[in-house]
Structures are given as C-alpha cells and as structure tokens.
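Work through the exercises below with the sequence and the model at hand. Each task is followed by its solution.

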Amino acid sequence: MSYHVFQYGGVNCVIDIEKMQAKAVDDLTAEALKKIPSMQERPLPSDLEENPKKKKQEPLPINSMALFVTQACNLRCTYCYEEKTSGCMEEKTALRAVDWLLEHSGNIKKIYISFFGGEPFLNFPLIKNVAAYARKKAGALDKSVAFATTTNATLLDEEMILFLREYDVHVLVSMDGPREIHDQQRPFADGRGSYDVILPRVKKLLEVKPETRVHAVLVDDSKTELINNALKDIGFAEVTLLPASASEFQGGAEEGAGKTEQSRNLDGLLLEMEREAELWLNLVKNKDSKSLRDLRTKAQLSLPLIALLHNKKKHYACGAGIKYIAVSDTGDIYLCHRFVGQDEYKLGNVFNNDIDREVCLESPLTRVPACASCFARYYCAGWCKHDNSTSCGSIWTPSEEICLLKQRELELAAALICQFDEQDRTFLREYEIFPPKPCPLDF
C-alpha cells in the first residue's frame, strides 16, 4: 500500500494512492504511515526494468477525431504551436476521414468529430457538408455522432451560430482575458487587436449556446486572477486556464535536457489555486449551493476533487492515439491535434487502413520511473505528450513545474475532502454539487 502524507491548515491529510481516496488522520497514524516505504524506495516493476517497450497490445477502437478542415488562420497568436500554412482540406479527404473513423470505431455506438484548424470557420462550407454527411452515414450504421469545434470566434456570424445550434456542436472559444491581454497575445495577422471583433460575436453565441466554454492560455503568470474574472464576467459557463506550451516548429527542448529555457513560472497559478481552495471550504461550510455550482464549472480544483470523490484512476493523461486521433488537411493521421505536421508523430493516412500507434498504447505509469513513483500518478497520468515534448524533449517526460502543479492540485483537493465533515458530505450529495459516482455496473 502506498500513501502520501502532508499537512494542510493544521490537519494531517493522507492520500491513499492506490485507492485514490483522501482522509484526515491523527498524529500517531500520520507518523506511522510516513514510515511505510514509498514507491520511490521500492524496486520498479520487472516489465519496466527489463522491457520498457512491453509487448504489443491489441488495437482499441478509435471513436474521436480532430478534423483539420483548414490549417490557415487569421490570427497570429504569440504562443501558437502550429505551423502556419494556407492548406484547406478537400471534400473527398474530409468525407474519407469520416468513413475511416466509422470503420475504426468498432462496436462503439457514438463517434465524435471536432472541427479544427487553424481557424476552422475559414472553411465553413466544408464543415456543413461534413456534419450532414457524418450524421447520415453514422445513422445508417446505427451509430450517432457528436460534434465539437475550437474557434477564435472572429468569423462567427448568424448563419454559423444557427448551424452550431442545429447540430448541437460543443463549442470551445479561445480567448485570453480582458482586452489589453487578449489583444497583446491574440492579434490579427496585420497586428490589429482581435478583442473588439470577438466580444460581440461571443455574446451572441452565448445567447444561443450558454453552455459554451472558453480556454485561455496563460503567458503572464501574475495575471491569473484578472484573466479568470474577466472571462467569467463575459458569461462563459466554464473557464480553463493552461500555461503556454512551446512550438515543435520553433525548436523546443533537446531530448533529455530536462528543465530548459522552456520552463515556466507557475507561482501565480499555484497562488490562485490556494485562494480557490479557501473559497471552496468557505462555501461548503456556509452551505452556499448556488455559488458552489457556479464555482464548480470554472474551478481548477473541480477535476481533482471529482477524481478523489469518485476514486478515479487514470493510466493515460488523454486518449491521444488510443481512442482519439487528428487528421491533417491532406489526410495524414497524427497522435493528436497538437502534433499535426510533425512527421515523427504521424501514424498513417485515412486513404490507408494501416495505422501504427504502438507507442501510444503504453502507459507512462509503467514506462516512466518518475511517473510510476509519483503520488499524483493516477490523477496526472504523465501529462500532455505535446507539452512534455516541447518542454523536455520527450513525450514521456513532464516538466518539473507541471509535476509540481499537478501534485499541488491533488493535495489541495485532498485537503478539502479531509476538512469536509459528514454534514458537509451530505450537503454536497443532496444538492448535487458534484455528479454522483458512476455505478461500476453501468456500461
């Protein structure tokens, strides 16, 4: 058994790593648990020592695809990780990609298609055609299809917004906060700021699709709270903040270089999480269900809280190359949308049924010693392969600052759970602040 013991607010907190549970203990128990050998002191599993590549696993069905309907973009974001091209996907390639996904989805009844770019709405006619074709083809196979898109919102007009509603498209808007920050980080190609163009379009979109989410890229760590509040004030249902990653096309870190010039100072994000933890505790103790529901959709700590409350154990950080792939404008298949254009991470082509994803099927928890011994391993699961690659030169190596961030997220979530008494837990259940734990018999 492996435990992580720490103190928060004068409380001894324990994370039972293998069970993904957290509880408060007395001083004697805390000291006893600290003496139990940690994973760092134990020998690594034999398969990690002797055969880091492990034996090949059976291919899993693929049911999710990011479709690069164009790789052109009308913005020039300062942190963009993509190579700018003018390439637009041809209709025959797009329709073949839909067929390929249906063929590789096996017995799974629902597939997912995300319209990606560049800025996808530069090729809106193709998006419409693909959506209609995919819905018809999926229906003929007794399957359903769900759509999503990531957009900078600069082009959204009434026709596009009505399409998003008609096809129930899940929309993620890229927007970086208040005008002064957004315009500095996300200018048009000619250098003009894009905030004043985006804002009225986003407000119209929110009127039709109030569940629309927003993603902000964090460049200046000291502005975390300002960015978060500005996006909440616009009316977004869910706000996510992530530190900027470097670009593979700009020459990232050297393989094995460890912490390099790509390192990021995340002190501001860590401080924001500490403030958020205090807010969670105050709202729970005051039984403020309305504010808690609002906080849940915009909070950094929602995911680790749910992970511990539901005892969720992840062996992969995401589905990249496992159940999810990205297709370039020429039909090439990549590990995920962030690797499009990088030949090293090309897995195949939609006009060829063969796909090589052996490397994707390995879990960092069995391959990487640092991940295997980390107390947050079942929460983080090795982090984003693209971020790892650009910051440390290997898809298998998370950066030190990201490790500290994910570990602290889990600690703060555990500390909150340790301070919830039975009355608090009853309140959280009755008011459905968090979704109920899934039944293991639900398929």
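The exercises cover a sheet, a helix residue and the nonpolar cores.

The model is predicted, with local features requiring pLDDT of at least 70 and side-chain atom pairs pLDDT 80 or more, while totals for chains, interfaces and linings use all residues. Residues are numbered from 1 along each chain as its sequence is written, and side-chain values use heavy atoms, without hydrogens and water.

**Exercise 1.** Give the strand order of the open sheet of 10 strands and find its edges.

Solution. Strands are DSSP runs (E, at least two residues) numbered from the N terminus, and two of them pair if DSSP finds at least two bridges between them. The order is 9-8-7-6-5-4-10-11-12-13, with mixed pairing. Strand 9 (238-243) and strand 13 (352-355) each have a single partner strand, so they form the edges. Within the sheet, strand 10 (residues 324-327) pairs with strand 11 (residues 332-334) in the antiparallel sense over 2 bridges. Valine 327 has isoleucine 333 in strand 11 as its bridge partner.

**Exercise 2.** Is threonine 224 buried or exposed?

Solution. Threonine 224 belongs to helix 8 (residues 224-234). Its relative accessible area is 2%; buried means under 20% and exposed over 50% (1.4 Å probe, protein chains only). Threonine 224 is therefore buried. Its contacts (heavy atoms within 4.5 Å) beyond four places in sequence are Leu218, Leu241, Gly268, Leu269 and Glu272.

**Exercise 3.** Which residues have the most contacts inside the largest nonpolar core?

Solution. A nonpolar core joins buried Ala, Val, Leu, Ile, Met, Phe, Trp, Tyr and Cys residues through side-chain atoms within 4.5 Å. The largest has 124 residues, and Leu67, Ile113, Met175, Phe236 and Trp280 have the most contacts inside it.

How values were computed: Helix = DSSP H or I, 4+ residues; strand = E, 2+ residues; numbered from the N terminus.
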